[in-house]
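Reader: I would like to go through this model by question and answer, with the reasoning shown.

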Amino acid sequence: MKKKVVIIGGGMTGLTAAYYLQKEARENKLPISCELIEASHRLGGKVQTVYRNGFIIERGPDSFLARKMSASRLIHEVGLEQELVHNTAGQSYILVNRTLHPIPGGAVMGIPTKLAPFVVTRLFSPFGKLRAAADFILPPLKAEGDVSLGQFFRRRLGNEVVDRLIEPLLSGIYAGDIDKLSLMATFPQYFHLEQKHGSLVLGMKRSMPKQKTKQKSEKGIFQTLKTGLSSLVDAVEQKLEKGTVHKGVRVERIEKVNGQYVLTLSNGEVKEADSVIIAVPHQSLTSLFPNESMFAAFETMPSTSVATVALAFPKEAIAKDMNGTGFVVSRDSDYTITACTWTHKKWPHTTPEGYVLLRCYVGRPGDEAIVDQTDDDIIQVVMDDLNKVMNITMSPMFSVVTRWKQSMPQYIVGHRERMEQVKNDMQQHLPGVFLAGSSYEGLGLPDCIDQGEEAVKKVLHYLSYTKEKVSSL
């Protein structure tokens, strides 16, 4: 008799889980059926691509770290490897007040691995540089338990380096307040480097791979698809077995009955499952399991709202050509935008010859009201900010504004411990139910894909098809 598995949520995590679980069942002749249920009428979650007048515009993530192999592995699985492309390696900047400062060479997430560029940069005051040098003599952190990213980095490198470099870079990833975000749930490797080497700077320098040649690579550290990331969603969906994907229907509640799980859907249908992968945001958990108290911790887990604004111009609209790929904004500067990517330079394939594509970001913790304004108001604010730096002489040919309401989960201090407690409670009270997705253990594309793969392993183990019996995971 076939075991039934239901995956709730058709974002990148749920899609990955459905693909690999169906593949394992098919190739290893396992008696497993797998269905995917998505509340909206499309799959992919935040992965959305707009194709307009020859431009390729990402509404959500635009790329992934090439060194995290799970994304490129999935791309190869569905036959899109020929579309993979690296970003153009170019200068990035920090905007402080009205000045664009080049990010110092050798900075990795704002942490120096080369001293000379930090010594000569005008991004920091002499005192700020001297304070950062205290990293070489400060003892490692001895605090027990988790601390915030801000507390950790401020102690080692001082407020100026954090506020003007580290915070803008990390906020670009998490859209969060680094003085609340968990060190151990986001960048535990920095804690371990400090503990091992006694200095964060020395630890980063010693852990960097040695360059074999001095030739500067034109390839960046990110990859995307020339056809847009939505093409990955479409390709994975096409690989799923016909009749196993249900869009436009919501799972309203899940109940445990006689060792199985009964799912009540918004269309009145009821499904039974032996195992369930839940790949939806944390805000949905308490309504899915109204009788379970273990998810109460997620009720107070914050999320931030952000918006992206893509602006297309003819090349001559930019009075001064910018030499680089974009900038992030120091929090102590008076701007609404938090970052701007010169997409036509970073990803040349996205923009027709003779045109410019800018992608700006707005919204940060404590300053999210901009996201609720009209498209015209948001565009005007963004244009005003850009003109303080770039001197744009024309209105955009067209724009694409995308709002992501309460969509950026915040891994605040203690997140990893809370996750472990929830997983232990689920193993005891909801065996065979597994959480995966951006709310839980990583929010980049590869992190979500990793969690989808890991959820498949857990399902197979729970159903007694252990890892030794499967081939491709």
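Reader: In which loop does Ala-175 lie?
Author: The model is a predicted one. Ala-175 is placed outside the regular elements, in a loop that runs between helix 6 (159–174) and helix 7 (183–186).

Reader: Is Ala-175 buried or exposed?
Author: Buried means under 20% relative accessible area. Ala-175 has a relative accessibility of 11%, so this residue counts as buried.

Reader: What is the phi of Ala-175?
Author: Most residues other than glycine have a negative phi. Ala-175 is not a glycine, yet its phi is positive, at about 50°.

Reader: Which other loop has a residue like this, and what is the phi of Asn-97?
Author: The loop between strand 7 (92–96) and strand 8 (99–102) holds Asn-97. With a relative accessible area of 45%, Asn-97 is partly exposed. Asn-97 is not a glycine either, and its phi is positive, at about 55°.

Reader: How many residues of strand 17 are buried?
Author: Strand 17 spans residues 303–314 and is mostly covered. One side carries buried residues including Ser-303, Val-309 and Phe-313, and the other side carries buried residues including Thr-304, Ala-310 and Pro-314. With both faces covered, the count of buried residues is twelve of twelve.

Reader: Which residue of strand 21 is the bridge partner of Val-306?
Author: Strand 17 pairs with strand 21 (residues 398–409) in the antiparallel sense, over nine bridges. The partner of Val-306 in strand 21 is Trp-404.

Reader: Which residue of strand 20 is the bridge partner of Ala-307?
Author: Strand 17 also pairs with strand 20 (residues 355–362), again in the antiparallel sense, over eight bridges. In strand 20, Ala-307 is bridged to Val-362.

Reader: Which strand gives the most to the lining of the largest cavity?
Author: The largest cavity has a volume of about 120 Å³. Of the 14 residues that line the cavity, those closest to its centre are Ile-56, Glu-58, Asp-62, Thr-343 and Thr-350. Strand 4 (55–58), strand 11 (219–225) and strand 20 each supply at least two lining residues. The most, three residues, come from strand 4.

Reader: How many charged residues are in the lining of the second largest cavity?
Author: The search of the whole structure finds two cavities of 30 Å³ or more, and the second largest has a volume of about 40 Å³. Its lining is made up of Ala-297, Phe-298, Met-301, His-415, Arg-418 and Met-419. By class, four of these are nonpolar and one is polar, and the number of charged residues is one.

Methods
Residues are numbered from 1 along each chain as its sequence is written. This is a predicted model: local features need pLDDT of at least 70, side-chain atom pairs count only at pLDDT 80 or more; totals for chains, interfaces and linings use all residues. Side-chain values use heavy atoms; hydrogens and water are left out. Buried means under 20% relative accessible area, exposed over 50%, partly exposed in between (1.4 Å probe, protein chains only). Helices (H or I, at least four residues) and strands (E, at least two) are DSSP runs, numbered from the N terminus. Two strands pair if DSSP finds at least two bridges between them. On a 1 Å grid over the protein atoms alone, a cavity is a set of points where a 1.4 Å probe fits but cannot get out, and a pocket is an open set with protein on both sides within 12 Å along at least five of seven lines; lining residues have an atom within 4 Å of a point. Grid points are joined across faces, edges and corners, and a volume is the space filled by probe spheres set on the points. Ala, Val, Leu, Ile, Met, Phe, Trp, Tyr, Cys and Pro count as nonpolar, Asp, Glu, Lys and Arg as charged, and the others, Gly among them, as polar.
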